[in-house]
Number of protein chains: 2
Amino acid sequence: MFNKEVYTKRRELLKKEIKSGIALILGNVDASFNYPANVYHFRQDSHFSYFFGLENPGFAGVIDFDNDKDYIFGNDFDIDDVIWMGVQPKVADLAAKAGVKNTAQYTEIADFIAAIKNEGRQIHFLPPYRGETIIELSSLLGLTNAEVKPAASMELIKAVVKLKEIKSDAEVAEIEKAVDIAYEMHTTSMRMAATPGRVEQEIAGTIEGISLALGGPVSFPIILSQDGQTLHNHHHDKVLEVGRMMVTDAGAETHNNYTSDITRTVPVGGKFNERQAEIYQIVLDANMAAIDAIKPGLKYREIHFLACGVIVDGLKKAGIMKGNTKAAVEAGAHTLFMPHGLGHQMGMDVHDMEGLGENNVGYDEDTVRATEFGNAYLRLGKELKTGFVLTVEPGIYFIPDLIDKFRNEGKYMDFINYDKVETYKDFGGIRIEDDILVTEGGYRVLGKAIPKTIKDIEDVMSNPL
Amino acid sequence: MFNKEVYTKRRELLKKEIKSGIALILGNVDASFNYPANVYHFRQDSHFSYFFGLENPGFAGVIDFDNDKDYIFGNDFDIDDVIWMGVQPKVADLAAKAGVKNTAQYTEIADFIAAIKNEGRQIHFLPPYRGETIIELSSLLGLTNAEVKPAASMELIKAVVKLKEIKSDAEVAEIEKAVDIAYEMHTTSMRMAATPGRVEQEIAGTIEGISLALGGPVSFPIILSQDGQTLHNHHHDKVLEVGRMMVTDAGAETHNNYTSDITRTVPVGGKFNERQAEIYQIVLDANMAAIDAIKPGLKYREIHFLACGVIVDGLKKAGIMKGNTKAAVEAGAHTLFMPHGLGHQMGMDVHDMEGLGENNVGYDEDTVRATEFGNAYLRLGKELKTGFVLTVEPGIYFIPDLIDKFRNEGKYMDFINYDKVETYKDFGGIRIEDDILVTEGGYRVLGKAIPKTIKDIEDVMSNPL
């Protein structure tokens with residue numbers, strides 16, 4: 001964790017945003033895998049971690065806006081536990097590390113919350129995403145399970161987004177640590193893909209092991225596939241074949257729960273063929289043009305469309321698209337090849353604060369989310385500010401079912417050479433993703449540079465694993 | 001999954017055990033990591049997997065004992081999902097693989113269960129271990145969250161234990177696959193520990209990656225520590241030092257959710273010193289003597305005490321214990337060094353069916369669980385049957401806090417040379433664990449033999465990683 005001043009300051013800033021009541025921020029409990037005592041890697045709730053820093057399961061924090069007081073609730077270990085666990089710090093000692101003076105055993109939280117309710121004070125909480133948290137909030141607040149989520153506090157959501165979306169230098173340093181772990185993951189993935197005949201799972205498992213060896217768990221389930229055109233694909237059962245492109249979309253977490261999210265796409269076997277190199281270079285051009293356009297004050301949606309324009313230009317050169325680029329993007333013709341958004345904010349969650357509602361994080365009163373196919377999937381549309389960390393992840397995919405659908409519907413006939421597109425149905429997909437800090441002067445690509453030019457990738461892959 | 005006859009037969013056998021009503025067996029849903037859409041590795045519920053075999057999140061199975069009918073409830077994917085996920089099988093097609101003819105969309109399960117309730121028929125279910133399952137059962141059965149667990153069916157629990165504790169050849173083959181993955185994990189761990197100066201996490205993460213690369217997730221959180229005397233230790237932050245013994249307690253799962261659970265203890269740097277070799281050999285003798293005693297008809301508790309006797313004999317030779325071995329074990333003096341049980345059943349859960357209640361699995365009317373320190377922690381006490389799979393995992397630990405406690409309490413003064421024990425407070429701990437099938441003729445050690453003699457371990461470690 002950071003030092004206690006960091007957490008104290010974060011809570012102070014939150015107190016300036018919320019007028020009255022308390023914020024009840026439940027940390028996570030252990031998540032059971034297949035029976036109560038057999039658990040997944042513990043992952044602290046990002047918001048509890050942000051305001052209180054402690055990595056202990058079963059803790060809760062309270063911030064009292066009316067009385068300017070902070071509390072931590074948690075259970076001390078039994079003296080007998082020393083035999084099994086060694087000496088464990090007391091809740092009060094842990095809380096002191098977060099700058100919190102008021103502590104109590106977790107068993108006392110029900111009475112504490114009941115007293116707040118009796119006083120008629122508002123209890124702000126964030127939307128829960130685990131069953132155990134819903135059950136606990138239901139019990140503490142006297143709500144049914146179904147009533148819990150809708151009762152989350154929009155005032156608290158907005159205040160948390162406002163604070164957390166601006167990353168401090170220390171947070172950026174953590175994210176760079178996570179990118180540096182991703183460097184090891186991705187260069188290993190590349191070197192393993194240089195040897196055809198492997199099953200995707202071998203590589204996916206090995207690079208997840210790298211995250212676990214050097215940081216925390218992976219920041220999201222690894223996508224690793226020679227079928228990159230299947231966007232929602234978490235199967236890793238294919239045998240890698242020369243002629244296919246392998247997409248690896250993977251990131252790590254640090255012990256402080258900061259994340260990375262990097263995508264690289266490489267030719268199985270280690271050498272781009274001509275067709276692969278042509279499409280790859282278009283995606284890379286879009287990735288670099290978008291990154292280079294990043295600066296405070298610009299809406300990210302504009303950068304999204306800029307990248308789409310680069311993709312249309314490139315696909316025109318390749319004979320796959322035609323017509324006026326601007327008109328094609330306005331019409332949405334690019335969505336046949338890049339049906340997703342250019343990126344999202346990133347922080348203690350890989351889609352930062354997604355649990356608070358994508359639109360509460362990526363959009364605001366000045367920027368309303370699109371509703372049409374493709375552009376609706378852009379997670380971040382609003383104006384960029386210094387201190388944002390975000391991903392830039394353009395892609396080109398040849399999705400046979402989507403090609404058939406659009407063609408059958410007679411869509412974008414002025415912009416797409418469908419006969420040519422048909423010849424790419426066996427191509428797969430390409431995505432290239434980096435993690436970027438918005439700076440006063442523009443941007444900074446975070447972490448150790450992970451090879452992404454054709455030459456650099458082929459160089460790495462010339463040393464197979 | 002296995003072929004459909006396997007699942008059909010399992011359900012038929014269950015129908016012979018339960019007189020009336022239905023069994024409602026909820027599969028697992030995805031478990032959220034830090035926001036709703038970001039999830040842990042999916043782990044199907046072991047009981048759903050046993051009776052229905054499907055690995056799809058959000059499914060449920062029903063076995064109707066009154067009408068000899070089986071049902072699977074699950075939601076089909078949308079046609080639009082093809083674009084993102086490729087063609088997905090229908091629920092009816094999936095159910096057919098499990099030999100189930102009756103299917104419905106999951107959205108229909110509430111009405112289905114309500115109708116059963118209206119008929120006044122009993123709805124048997126197993127104890128839930130995830131919040132999401134509690135919430136769903138609460139909703140389907142009209143119970144409060146707190147009422148759900150106590151309403152689980154003891155009749156169903158006993159029937160499931162009776163069926164699942166006898167492993168078929170196909171199940172044993174799956175467990176052997178999981179042991180073979182553990183072979184790779186453990187020999188890698190040994191070779192990495194040959195290089196002092198590594199942080200434990202590097203090894204723990206790497207071998208978890210091996211499980212993920214070759215099978216499923218690890219079967220339980222890896223214990224990997226040069227502080228083996230701290231039994232409940234899931235931290236991996238120590239730098240490995242020559243002179244310490246490193247305990248690795250780790251296993252894998254197969255894609256069919258069968259598990260392994262192996263422990264090896266090795267000297268950091270690769271060479272046992274004299275003191276380490278002496279204590280190690282005692283634990284190995286206990287491990288091998290216990291394994292060799294396994295046969296149907298014997299209570300596992302007897303084998304536990306046999307292993308404890310071997311440990312006492314060895315510690316007497318080492319000058320650490322004294323007096324009559326049998327009397328020492330009867331008094332419980334060995335619990336200073338081996339405070340835990342010799343083993344547990346293993347299957348689709350690493351502690352097989354622990355979620356159904358340890359005493360419902362490891363004990364029966366003929367074998368009541370002990371209550372005193374040490375022996376109370378034996379998870380499996382009852383008579384062994386052909387087809388049981390279990391672990392044998394004796395250990396010797398020098399736990400400074402426990403040594404002080406027992407000495408201060410004047411415990412076992414006739415059996416323990418405390419002055420000698422004091423000199424071992426810096427020793428750490430040793431555990432050696434294998435996975436064993438009870439056969440008609442006795443036993444079979446499962447899977448590829450993982451080095452455990454002093455010579456074999458030193459041989460593996462002479463090839464460091």
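**Exercise 1. Determine how far helix α10 of chain A is covered, and how its length compares with the expected span.**

Solution. In this predicted model, α10(A) is mostly covered, since 14 of its 15 residues are buried. A residue counts as buried when 20 or more other C-beta atoms lie within 10 Å of its own. The helix runs over residues 200–214. From the first C-alpha to the last it reaches 22 Å, which is close to the 21 Å expected at 1.5 Å a residue.

**Exercise 2. Identify the operation that lays chain B on chain A, and name the relation it represents.**

Solution. A turn of 180° with a shift of 0.0 Å along the axis lays chain B on chain A with an RMSD of 0.0 Å. That is the relation of a two-fold axis.

**Exercise 3. Describe the side of chain B that touches chain A: its contacts, the elements that supply it and its composition.**

Solution. Begin with the contacts: 49 residues of chain B are in contact with 49 residues of chain A. Next, consider the elements of chain B that each supply at least two residues to this side: the strands β2 (32–35) and β3 (38–39), and the helices α3 (81–85), α6 (131–141), α10 (200–214) and α15 (400–408). The element that gives the most is α10(B), with ten residues. By class, this side of chain B has 24 nonpolar, 17 polar and eight charged residues. Finally, 100% of the interface residues of chain B are also interface residues in chain A, so the copies meet through the same surface.

**Exercise 4. Classify the mutual orientation of α6(A) and α6(B), and list the residues that make their contact.**

Solution. The axes of the two helices, α6(A) and α6(B), come within 6 Å and cross at roughly 60°. An angle under 35 degrees would count as roughly parallel, and 65 to 115 as roughly perpendicular. The pair α6(A) and α6(B) is therefore oblique. On α6(A), the contact is made by A:Gly131, A:Glu132, A:Ile134 and A:Ile135; on α6(B), by B:Gly131, B:Glu132, B:Ile134 and B:Ile135. By class, this contact has four nonpolar, two polar and two charged residues.

**Exercise 5. Establish the surroundings of A:Lys4: is the residue buried, exposed or partly exposed, and which residues does it touch?**

Solution. A:Lys4 lies in helix α1 (residues 4–17) of chain A. With 15 other C-beta atoms within 10 Å, A:Lys4 is partly exposed. Leaving aside residues up to four places away in sequence, A:Lys4 touches A:Lys97, A:Ala98 and A:Gly99. The C-alpha atoms of A:Lys4 and A:Phe52 are separated by 8.7 Å, although the two residues are 48 residues apart along the chain.

How values were computed:
Residues are numbered from 1 along each chain as its sequence is written. Chains are lettered from A and ligands numbered from 1 in the order in which they are written. This is a predicted model: local features need pLDDT of at least 70, side-chain atom pairs count only at pLDDT 80 or more; totals for chains, interfaces and linings use all residues. Helices (H or I, at least four residues) and strands (E, at least two) are DSSP runs, numbered from the N terminus. The expected span of a helix is 1.5 Å times one less than its number of residues. A residue is buried if 20 or more other C-beta atoms lie within 10 Å of its own, exposed if 12 or fewer, and partly exposed in between; C-beta atoms are placed from the backbone. Copies are superposed by least squares on the C-alpha atoms of residues with pLDDT of at least 70 in both. Two residues are in contact if their C-beta atoms, placed from the backbone, lie within 7 Å. Ala, Val, Leu, Ile, Met, Phe, Trp, Tyr, Cys and Pro count as nonpolar, Asp, Glu, Lys and Arg as charged, and the others, Gly among them, as polar. Axes are lines fitted to C-alpha atoms, for helices over the stretch in contact, and angles run from 0 to 180 degrees between N-to-C directions. Angles under 35 degrees count as roughly parallel, over 145 as roughly antiparallel, 65 to 115 as roughly perpendicular and the rest as oblique.
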